[in-house]
Amino acid sequence: MENNIETKYNKLITAVSIIIPIAVAALFGVNLRKLGYDVEPLNFLPPIYATINGITAVLLVVAVLAIKNGKRKLHEYLMKTAIACSLAFLLMYVAYHMTSISAVFGDTNHNSILEESERIAIGFERYNYLFILITHISLSVIIIPLVLITYVRALAYRFDKHKKLARITFPIWLYVAVTGVVVYVMIAPYYVK
């Protein structure tokens, strides 16, 4: 029989797992400046939210080490902090894209004067960038219900089920956090200043 806490949160987890990706996709396409609003572009946010992704990755690794060493309270605190960091990242990411012109990988003002070898190198790097970006975005959608279900199982003291799902959730969440930093480092030269 499923725990009452798990049952209580199932519909909420489903709703949040659907609403967040749809809202992010919708808001990503809304640029307040293009709609005529006089807002300052939040161009300072990308390095901040990339740093938050890096912090999230460190928190996840330290949290796993904590639980392996029997430090459950520390593990719990670190995981809550990682969830808060992921939420902060999401809010900043949406705010940036709603107020700023999105960077395009390989977009430079001097593309026409680049040597052929430089254009080829940028083209190859672009494929790598797109692969990392697409897997990052795809897994960031998948990680939402995984994190929420894993968290609720811990709340419900269903540690057997929590541990089993955490073994799947952890590497995916870690990949999303690390590739968030990698995507930023790769696209940073192309941000509009």
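**A five-helix chain, step by step**

In this chain, 77% of the contacts with a separation of 6 or more join residues 24 or more positions apart. The model is predicted. Its chain has five helices and zero strands. Read from the N terminus, the elements run α-α-α-α-α. The chain counts 193 residues, and 32% of them are buried.

Start with helix H1, residues 4-28. Its 25 residues, at 1.5 Å a residue, should span 36 Å. The end C-alpha atoms of H1 are 36 Å apart, so the expected span and the model agree. H1 also bends, by about 35° at Asn10. Its buried residues are Glu6, Ile13, Ser17 and Val24. A general point helps when reading such a list. An α-helix has 3.6 residues a turn, so residues three or four places apart point the same way.

Now turn to the partner of H1. H1 and H3 pack with their axes 9 Å apart, at an angle of about 25°. That angle makes H1 roughly parallel to H3, because angles under 35 degrees count as roughly parallel. From H1, the contact is made by Ile20, Val24, Leu27 and Phe28. From H3, Leu90, Tyr93, Val94, His97 and Met98 take part. Val24 of H1 is thus in the contact with H3, and Val24 is also among the buried residues of H1.

Next come the aromatic rings. The structure holds five aromatic pairs. One of them is formed by Tyr49 and Tyr96, with 6.3 Å centre to centre and 65° between the planes. This pair is edge-to-face. Tyr49 sits in helix H2 (residues 45-68) and Tyr96 in helix H3 (residues 72-99). The two are 47 residues apart, and their pair links distant parts of the chain. Tyr49 and Tyr96 are both buried. Ring pairs also link a cluster: Tyr49, Phe89, Tyr93 and Tyr96. Within that cluster, Tyr93 also belongs to the H3 side of the contact with H1.

Last, look at the loop between helix H4 (116-155) and helix H5 (159-187), the place of Tyr157. What is the sign of phi at Tyr157? Phi there is positive, about 60°, although Tyr157 is not a glycine. Most residues other than glycine have a negative phi. Is Tyr157 buried or exposed? Its relative accessibility is 56%, so Tyr157 counts as exposed; the cut-off for exposed is over 50%. Tyr49 and Tyr96, in contrast, are buried.

Terms used: Residues numbered from 1 in each chain as written. Predicted model: local features only at pLDDT ≥ 70, side-chain atom pairs only at ≥ 80, totals over all residues. Heavy atoms only, no water. Helix = DSSP H or I, 4+ residues; strand = E, 2+ residues; numbered from the N terminus. Expected span 1.5 Å × (residues − 1). Bend = angle between axes of the 7 residues up to and from the residue. Buried < 20%, exposed > 50% of the residue type's maximum accessible area, 1.4 Å probe, protein only. Phe/Tyr/Trp six-rings, centres within 6.5 Å; stacked < 30°, edge-to-face > 60°. Axes fitted to C-alpha atoms, helices over the stretch in contact; angles between N-to-C directions. Parallel < 35°, antiparallel > 145°, perpendicular 65-115°, else oblique. Contact = heavy atoms within 4.5 Å.
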